[in-house]
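Hi,

Here is the structure I said I would pass on. Have a look at it first, and my notes on what turned up follow underneath.

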Protein chains: 2
Amino acid sequence: MTGDEAAPGSVRPGGRTARVREAVLRVAGDLLAERGFAHLDLAEVAAAAAVGKTTVYRRWRNPTGLVTDLLAEMAEQSLPRADTGSLLGDLTANARLVAATLADPRQGKLFQAVIAAATCDEAAATALRRFYDVRLTEWSPCVEQAVERGEAPAGTDARAVLSAVSAPLYYRLLASGDPIDDDAATTAARAAVNAVTAGTFVESEH
Amino acid sequence: MTGDEAAPGSVRPGGRTARVREAVLRVAGDLLAERGFAHLDLAEVAAAAAVGKTTVYRRWRNPTGLVTDLLAEMAEQSLPRADTGSLLGDLTANARLVAATLADPRQGKLFQAVIAAATCDEAAATALRRFYDVRLTEWSPCVEQAVERGEAPAGTDARAVLSAVSAPLYYRLLASGDPIDDDAATTAARAAVNAVTAGTFVESEH
């Protein structure tokens, strides 16, 4: 980013490594959003990030390495779960967060590129699953607390509920092309709560 | 397919054209499922389908042309809507059809490839939207009849209901990686009916 590879010791190694990572992943995200996975080139990323090509190849190895680390960074930086006191409140907050991300021009394109990469690259697919696992784990307490409050039946599957909130928004992004607006977000949250209340997400093992 | 380009007049032109299309699209579908959109090559398709290269280039022009026509063929051949007499029965049939398609190794990979193509190619995206429009139009009467039978409130948005059935299955295919099994299909249908019953899919314009 600052091209300070020639001045080692001017900052702590950890700080420099973190700054290099930030610069490289921001450029990688920009290029992915702009042109997709098929055109992600490490030499171009290195040049645009003003980081040595050798550093980029040694640390990320290939386009999949960049996508994997980008998804890890997105998981690290993603916002904590909501805690509004009601299941509908929490799931609406979750749906709005997902909708805002997918409707954002850069982020929406970035998710499309990463999901496209995952369809033809096993390592990218694993990184994508891991990203969703982190998000699902972060938000699961919303469902667990709803069970404690008596808003949801015992044995309600948190992963199924949170997937039900996200799914219609991803379907709009990837399949139907319908708008990802606040109406779509609130409907997704309400529909999930309807199904929770009816006991549809109670795990069959329970 | 039969390499009969040198024997014009041996079959009706319409018949031959249809056979050439079938052979080319079958090979295109196989290659898409196997290796994805980025590696779809018209010359290779022509050779594997035993159809003249000139014919393939003249008729389909580029990989997007093949994907567009393949989606048109899939829409033509897709099964008619169910008519079980209940909304839950119809939506469960719909969910099972979608799940069987996405869980099928060739078809699942084909949908992933086409959706990946749509993320980076505007014409492929338009063809994909049109495919879903055809499916949604075919199945909409299930919801309209549910309204007539009093199973769904007046003003229930058929497109929203059918999208809600498909969405969790596509989310498993493209994002979470969770299994696309009969449990997933029946849960998707039941959750959609729960939300219909609660009036969540009544269009806000009504």
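**The annotated stretches of chain A**

Let me start with residues 41–60 of chain A, where 80% of the chain is helix and 0% is strand, with the end C-alpha atoms 11 Å apart. I picked that span since UniProt, in an unreviewed entry, puts the feature "DNA-binding region" there. Before you go further, please keep in mind that this is a predicted model.

There is a second annotation from UniProt, again from an unreviewed entry: "domain: HTH tetR-type", covering residues 18–78 of chain A. That span is also 80% helix and 0% strand, and its end C-alpha atoms lie 17 Å apart.

**Chain A overall**

You won't find any sheet to look at here: chain A has 9 helices and 0 strands. Read from the N terminus, the order of elements is α-α-α-α-α-α-α-α-α. The C-alpha trace of chain A spans about 60 × 40 × 30 Å along its principal axes.

**Two domains in chain A**

Chain A splits into domain 1, residues 3–74, and domain 2, residues 80–197. Taken over C-alpha atoms, the centres of domain 1 and domain 2 of chain A are 29 Å apart.

How many residues of each domain of chain A are in contact with the other? On the domain 1 side there are 13, and they touch 13 residues of domain 2. Between them the two domains of chain A bury about 1,200 Å², with carbon and sulfur atoms accounting for 77% of it. On the domain 1 side, the residues that lose the most area to domain 2 are Ala33(A), Leu71(A) and Met74(A), which together make up 45% of what that side buries.

As for polar links, the count between domain 1 and domain 2 of chain A is 1 salt bridge. Arg106(A) and Asp30(A) form a salt bridge, and their closest N and O atoms are 2.6 Å apart. The rule also finds 3 residue pairs in polar contact across this domain interface of chain A, with both residues at pLDDT 80 or more.

If you want to see which elements are involved, helix H1 (13–35) and helix H4 (63–77) of chain A each give at least two residues to the side of domain 1 that touches domain 2. H4(A) brings the largest share of that side, 6 residues. Sorted by class, the domain 1 side that touches domain 2 of chain A has 7 nonpolar, 4 polar and 2 charged residues.

**Where chain B meets chain A**

Now for the two chains. In the model, 32 residues of chain B are in contact with 32 residues of chain A. The area buried between chain B and chain A comes to about 2,800 Å², and carbon and sulfur atoms give 57% of that. Thr119(B), Tyr171(B) and Thr200(B) are worth a click: they supply 22% of the area that chain B buries against chain A, more than any other three residues.

The rule finds 2 salt bridges across the interface of chain B and chain A. In one of the salt bridges between these chains, the side chain of Arg159(B) meets that of Asp178(A) at 2.8 Å, N to O. There are also 8 residue pairs in polar contact across the interface of chain B and chain A, both residues being at pLDDT 80 or more.

Which helices of chain B give two or more residues to the side that touches chain A? They are H6 (105–120), H7 (122–148), H8 (158–176) and H9 (182–197) of chain B. H8(B) provides the largest share of that side, 11 residues. By class, the side of chain B that touches chain A holds 15 nonpolar, 11 polar and 6 charged residues.

Over to you, and thanks for taking this on.

Conventions. Residues numbered from 1 in each chain as written. Chains lettered and ligands numbered in written order. Predicted model: local features only at pLDDT ≥ 70, side-chain atom pairs only at ≥ 80, totals over all residues. Heavy atoms only, no water. Contact = heavy atoms within 4.5 Å. Buried area = accessible area lost by both parts, 1.4 Å probe. Salt bridge = Lys/Arg side-chain N within 4 Å of Asp/Glu carboxyl O. Polar contact = N/O pair within 3.5 Å; in protein donor to acceptor, adjacent residues only side chain to side chain. Helix = DSSP H or I, 4+ residues; strand = E, 2+ residues; numbered from the N terminus. Nonpolar A, V, L, I, M, F, W, Y, C, P; charged D, E, K, R; others polar. Domains from an automatic or database assignment. UniProt positions renumbered as here; feature names shortened; annotations may be inferred.
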